[in-house]
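Open the model in your viewer and keep a selection box ready. Each stop below says what to pick and what is there.

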Amino acid sequence: MSAFELLSPKIKKAIWDLKWPALRPIQEVAIPLILETTDHLVLSAATASGKTEAAFLPILSAIEQSGQDYLRVLYIAPLKALINDQFERIERLCEYVDVPVHKWHGDVSGNDKKKFINTPAGILQITPESLESLFINRSTFLQSLWKQVSYIVIDEIHVFLATERGAQLRSLLFRVQEYVANPTRIIGLSATVNDPDGYIANWLSPEGPDQVKVIQSDDGDKEIFYALHHYPNEEQGKLPLELYRDIRDLTKEYSSMIFANDRGLVEETAVLLNRLAEHEGAPRDYLAHHSSIDKSEREYVEEILKTANRPKSVVCTATLELGIDIGSMDMVIQIDSTFSVASLKQRIGRTGRRDGMSQILQIYTTKASHLLHAVAVTELFLEKWVEPPQAYAKPYDVLFHQILSICCERNGLYLDDLMDSILRNPVFQVIPRGHIVDLVDHMIKKEYLELVPGAQEFIVGLEGERILRSREFYSVFSVQEEYEVFHLNRRIGAVDKTPAVEVGNNLILAGKLWSIESVDSNKDKIYVVPAVDAKRPVFLGSGGAIHRMISEKMQEVLCSNHLYSYLNDAAAQELKGIREVYARLGVMANQRVIIIGKNETLIELFAGTVISNTLMWMLRVMGVEQVTTNGLGHIKIVGRQDGILKLLESITKREWNSQELLSVTFPQEIYRTKFSFYLNEEQQKELHVSAMVDVERTVEFLSDKQFIVFTC
DNA sequence: GACCTGCTGCGGTATG
């Protein structure tokens with residue numbers, strides 16, 4: 001029987017009415033798997049390939065009889081905007097089978113939430129944080145709410161995998177399943193992934209990853225037009241005007257997304273491009289979009305992009321990399337390299353979505369190191385490599401959070417029951433039992449938990465209540481402290497708390513120029529008035545990790561003499577320049593260069609962030625005091641280290657324990673999360689070590705590579 | 001050398 005024939009008559013009618021010419025490839029595969037097997041599924045395909053419908057066509061076929069009476073499907077997404085987009089798409093299908101669909105997130109009215117709680121049925125679309133809130137604030141309803149849930153659909157599942165947010169979600173799924181009468185099936189939807197170790201299957205179904213089917217649908221290769229232009233410029237932060245003129249010329253006739261890696265740079269770029277357009281007597285068609293611009297302004301920008309009748313461009317950060325629907329764009333421009341291959345892939349995927357359209361990417365670099373990074377990321381992308389998913393290794397911080405949540409949900413419980421619900425939760429099985437006991441003891445000592453005298457039951461303690469009752473409890477990731485920016489009564493956005501925020505200073509926000517008129521530090525608000533000139537605001541952000549593969553590829557690019565066809569003359573020239581020393585020394589890809597200068601020693605390690613950091617701390621233990629790394633994996637030592645080779649060799653020969661590495665780690669280098677602060681010192685250290693240190697791979701790396709010393 | 005994500009329930013007042 002064909003996939004279409006397996007669907008219910010009402011769903012078939014929906015497909016006819018909606019005039020879909022045929023089922024998409026991923027739908028053809030998913031429909032029989034959902035209707036005729038009991039496996040968990042991962043549907044992995046490019047954006048706009050019909051993944052959501054691949055899950056919901058068969059699910060609605062299966063639940064159309066009972067969906068009016070019970071909640072049958074939980075749909076979880078990482079963004080409110082994604083839920084809003086999907087709500088309309090799903091609702092259209094649901095009308096044919098009379099299955100209700102509800103959304104629940106921070107912007108949904110209390111009234112709608114009440115309505116759902118009174119008559120839960122059909123499909124619930126929700127964020128992980130709102131799911132958390134149900135366990136905290138609606139605990140008396142959980143029994144009847146979850147009982148008949150059969151399907152859990154997780155959209156953009158790849159964004160949850162390696163983060164504390166994913167650990168929280170995994171814990172919540174287990175807690176939902178505890179209430180469910182019959183086994184649930186989990187269906188993850190994902191952008192195409194590279195998962196050689198089967199990590200996603202293991203995340204979905206830790207007891208039996210073999211019960212997970214992963215469907216990768218390749219929608220065929222689109223032609224990509226790709227170019228990299230280099231505008232050498234060593235001046236900190238400022239981009240050359242010629243670069244902006246080039247962007248302006250390119251974007252006159254085309255809708256484009258112009259990605260920058262920094263919110264401040266987005267603002268500056270939008271203002272400059274509009275000035276250039278204005279000088280030509282053209283309209284100011286460049287919009288700005290990033291997380292610190294107020295939501296209403298961002299939604300307005302999204303609407304303009306979707307409905308514009310002439311080419312419009314948006315200068316943006318990763319906010320527009322995710323699934324928000326702004327229609328298909330003609331071209332993507334990237335200023336400096338993306339940090340990851342995954343990010344480059346997502347961004348390219350935003351163009352050429354209409355049938356028969358090609359994908360166009362133009363990248364600009366201004367520094368040699370960024371050029372090298374851009375070439376490495378591009379080459380890996382062309383080889384179809386992306387960063388593989390990873391575990392959030394030691395979720396002590398999420399465990400702390402979930403213990404508070406469980407105690408609140410259960411209105412107090414015995415130690416055995418608490419231990420049982422933690423030990424059976426798959427996400428906490430990497431934490432030894434003794435450490436869970438230590439954490440509970442610590443939580444009692446600090447009054448996060450309280451043992452009710454006589455009853456032997458644990459309840460949330462007074463300090464715990466303080467954390468739990470805060471609006472901020474529901475999310476496990478942390479955010480920068482900021483000032484909200486107002487013009488009269490209108491909120492324009494926010495800026496990070498920096499010394500530059502001071503009365504009289506000017507800033508750019510939402511593509512407009514402002515002068516700070518007053519600062520209310522009690523309410524964390526600043527008031528601004530329009531200005532004629534301004535500098536971009538300074539946002540504080542700390543760098544994330546670069547995957548080892550990218551660094552290795554950079555070394556490979558340096559050692560090769562290949563001429564990449566997508567480089568312009570300036571880029572080719574610059575690359576030739578930085579390859580010169582390597583060529584002169586005859587360096588190979590499995591070798592690494594150490595440059596010993598008069599006042600400093602530089603190890604060009606190219607090993608990714610984790611190994612670079614680990615080696616930096618190892619060197620400190622060996623008595624090298626003034627040593628730092630940059631984001632690219634270069635290690636810099638102040639002073640001449642003539643014995644560096646011997647030092648590296650002895651590092652590979654000795655035993656290492658994390659205690660000694662921790663003893664030389666500066667406080668600002670420690671890995672912290674929102675809830676790690678509440679752990680005891682020992683567990684804070686474990687969390688740090690699991691995220692930042694890898695002794696085994698570092699020693700292996702040092703043993704594998706041959707080091708070439710160049711003394712000048 | 002960084003980007004992004006999320007958020008209760010109640011009681012008040014204004015609006016259609």
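The tour runs from the DNA contacts to a buried loop residue, then to a helix pair and a distance check.

**Before you start.** This is a predicted model, in which local features need pLDDT of at least 70, side-chain atom pairs count only at pLDDT 80 or more, and totals for chains, interfaces and linings use all residues. Residues are numbered from 1 along each chain as its sequence is written, chains are lettered from A and ligands numbered from 1 in the order in which they are written, and side-chain values use heavy atoms, without hydrogens and water.

**Stop 1: DNA strand B.** Select the residues near DNA strand B, where near is a heavy atom within 4 Å. There are 38 of them, and Lys-80, Ser-130, Arg-471, Gly-544 and Leu-632 come nearest. Of the strand's atoms within 4 Å of the protein, 57% belong to sugar and phosphate. Colour the surface by class: eight residues are nonpolar, 19 polar and 11 charged. Here nonpolar is Ala, Val, Leu, Ile, Met, Phe, Trp, Tyr, Cys and Pro; charged is Asp, Glu, Lys and Arg; the others, Gly among them, are polar. Helix α7 (residues 128–137) gives the largest share, four residues. Helices are DSSP runs of H or I, at least four residues, and strands are runs of E, at least two, numbered from the N terminus.

**Stop 2: polar contacts to the strand.** Show Arg-138: a side-chain N or O atom is 2.8 Å from a phosphate oxygen of DNA strand B. For Arg-263, a polar side-chain atom lies 3.2 Å from a phosphate oxygen of the strand. Ser-475 goes to a base instead: its side-chain N or O atom is 2.8 Å from a base nitrogen.

**Stop 3: Thr-127.** Go to the loop between β4 (122–126) and α7. Is Thr-127 buried or exposed? Thr-127 is buried, because its relative accessibility is 6%, and buried means under 20% relative accessible area (1.4 Å probe, protein chains only). Its side chain reaches the backbone nitrogen of Ser-130 at 3.1 Å. Leaving out residues up to four places away in sequence, Thr-127 touches Ala-77, Lys-80, Ile-83, Trp-104 and His-105; touching means heavy atoms within 4.5 Å.

**Stop 4: α9 and α16.** Select residues 164–177 and 396–409. The α9 side of the contact includes Glu-164 and Arg-175, and the α16 side includes Asp-397 and Glu-409. Four of the contact residues are nonpolar, five polar and four charged.

**Stop 5: a long distance.** Pick Glu-91, in helix α5 (residues 80–97). From Glu-91 to Leu-449, C-alpha to C-alpha, is 43 Å, with their positions 358 residues apart in sequence.

How values were computed. Axes are lines fitted to C-alpha atoms, for helices over the stretch in contact, and angles run from 0 to 180 degrees between N-to-C directions. A polar contact is a pair of N or O atoms within 3.5 Å; within protein, one must be able to donate a hydrogen and the other to accept it, and residues adjacent in sequence count only if both atoms are side-chain atoms. Buried means under 20% relative accessible area, exposed over 50%, partly exposed in between (1.4 Å probe, protein chains only).
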